[in-house]
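Biologist: Could you walk me through this model before I go back to the bench? Please explain the terms as you go.

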Amino acid sequence: MRTTFLAAAVGAGLLLAAVPVVAHHSFSAEFDADKPFKLSGVVTKVEWQNPHTYFYLDITDEHTKKVTNWAFEMGSPNGLMRNGWTRNTLKVGDVVTVEGSLARDGKPYGNARVVVLNSTGKRLFAASSQTANP
Amino acid sequence: MMLWVRVGVAATIAIAAAFYSAQAQDPAPRRTAEATPRLADGTPNLGRVPGEKGVWDVPYIQNMGMRIPGPDGKTAAERSTPGAGRGGAKAEPDVPFLPWSRAIYDYNSKNNSKYDPEGYCLPPGGPRMMATPYPMEIIQQPDQKRIVMIFEGATHIWREIYMDGRAHPQGEALNPTYLGHSVGRWDGDTLVVDVVGFNENTWLDYFGHPHTDMLHVVERFSRPNKGTLRYEALIDDPGAYSRSWTVAWNIPWSAESELTEYICQENNKYLQKLTDDFGEPLLAPR
């Protein structure tokens with residue numbers, strides 16, 4: 001349950017190419033692909049809804065020990081189910097690690113690409129709209 | 001925050017490179033060795049074979065300017081040449097912009113398609129139906145002289161293509177709609193669909209090529225093998241472009257898939273918090 005920083009996510013990029021893509025709003029208007037993150041925290045809420053599922057984590061900064069509630073956007077429920085999710089995959093109190101891209105506006109908000117359930121190590125793709133054909 | 005931003009840049013570049021090499025071309029062919037399925041009368045079957053599943057796995061085509069076939073029949077995307085990115089109109093010499101459409105396109109490029117109507121959960125219009133990355137099916141009903149296309153995504157839309165030889169409605173009888181009025185015929189093994197009657201509430205693509213209600217689209221659907229739908233669309237809009245232009249791409253068959261529910265309008269936080277160029281909320285009272 002601490003903030004972690006990771007640069008070695010190259011393998012994840014290779015895997016992602018095979019994942020079905022969904023899209024709704026402009027990814028790049030809201031998120032910055034040049035600001036990747038990897039964060040761990042405790043699930044406080046899940047909104048299993050169209051067009052995007054959101055979940056919220058309490059994340060403790062490893063230096064200041066300050067707790068911030070972050071929001072993360074994923075794909076639609078049907079897109080998530082194609083990637084192995086159900087509406088009960090994330091439960092309040094679960095500890096998870098999220099990889100994705102930060103919001104441009106600097107708020108505690110990001111687009112999730114991959115979610116890892118820390119208790120099992122299970123790695124799930126979040127049906128992000130970040131990947132695309134030209 | 002700056003620390004992990006900096007640390008992450010190298011990883012992002014590596015990830016972007018991996019994405020590009022894997023996705024610059026259309027998805028790997030599946031079932032391309034199998035022959036085109038046909039209906040009893042010999043017409044190509046653009047849908048499922050009885051007893052099997054399957055949907056068309058529509059790709060995420062962001063920029064129609066990268067999908068214009070050149071003299072060799074291949075598009076810039078199929079030749080794997082690097083994309084123009086968000087270079088605006090000047091990066092797309094093959095798109096015959098008029099001055100106003102050039103200016104609008106540059107604006108959409110500069111703001112990263114912030115005002116994309118699909119972000120408001122409005123439907124795609126014209127060829128963007130086949131470029132919005134949710135699966136679709138084509139259901140032929142020759143006894144009823146029609147073809148129905150159903151789309152999981154954008155806004156759970158469907159379209160009916162009249163195959164009974166009728167003409168488009170004329171004058172005010174042609175009501176502008178998001179998906180237009182479609183009449184179809186077979187040209188050999190190719191389904192040719194003529195579409196007019198679009199409203200102006202949509203973009204041609206995610207990158208924001210605009211169109212007017214003068215838009216006339218001629219689509220050509222063919223299935224050269226079981227695993228591939230070849231899609232071509234002539235974009236003829238004298239209100240926005242100085243001449244017609246054609247875009248084309250392949251759509252792979254996903255043999256084990258079925259459509260599921262996707263209702264964009266449920267909880268669209270993007271639109272709820274979208275602000276205009278002056279920082280004012282688009283939806284809230286001013």
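Modeller: Let me begin with a term: two residues are in contact if their C-beta atoms, placed from the backbone, lie within 7 Å. This is a predicted model, in which local features need pLDDT of at least 70 and side-chain atom pairs count only at pLDDT 80 or more, while totals for chains, interfaces and linings use all residues. Residues are numbered from 1 along each chain as its sequence is written, and chains are lettered from A and ligands numbered from 1 in the order in which they are written.

Biologist: OK, so what is B:Val58 in contact with, leaving aside its neighbours within four places in sequence?

Modeller: Apart from those neighbours, B:Val58 is in contact with B:Ile251 and with B:Met130, B:Ala131, B:Thr132, B:Pro133, B:Tyr134, B:Pro135 and B:Met136.

Biologist: And which residues touch the most other members of the largest nonpolar core?

Modeller: B:Val58 is one of them, together with B:Trp56, B:Tyr231 and B:Ile251, in a core of 44 residues. A nonpolar core here is a set of buried Ala, Val, Leu, Ile, Met, Phe, Trp, Tyr and Cys residues joined through C-beta atoms within 7 Å, and buried means that 20 or more other C-beta atoms lie within 10 Å of the residue's own, with 12 or fewer for exposed and partly exposed in between.

Biologist: Which strand gives the most to this core?

Modeller: Strand 9 of chain B does, with six residues; strands are DSSP runs of E of at least two residues, and helices are runs of H or I of at least four, numbered from the N terminus.

Biologist: Is there a second core, and what does it include?

Modeller: A separate core of 23 residues includes A:Leu39, A:Leu57, A:Leu90 and A:Leu102.

Biologist: Switching to chain A, how many helices and strands are there?

Modeller: Chain A has three helices and six strands, running α-α-β-β-β-α-β-β-β from the N terminus on, and 43% of its 134 residues are buried.

Biologist: Where is the cis peptide bond?

Modeller: The cis bond joins A:Asn50 and A:Pro51, with omega at about -10 degrees, and A:Pro51 is found in the loop between strand 1 and strand 2 of chain A.

Biologist: Back to chain B: is B:Ser113 buried or exposed?

Modeller: B:Ser113 counts as buried because it has 23 C-beta neighbours inside 10 Å. This residue is in the loop between helix 2 and strand 2 of chain B, and its phi is positive, near 60 degrees, although it is not a glycine.
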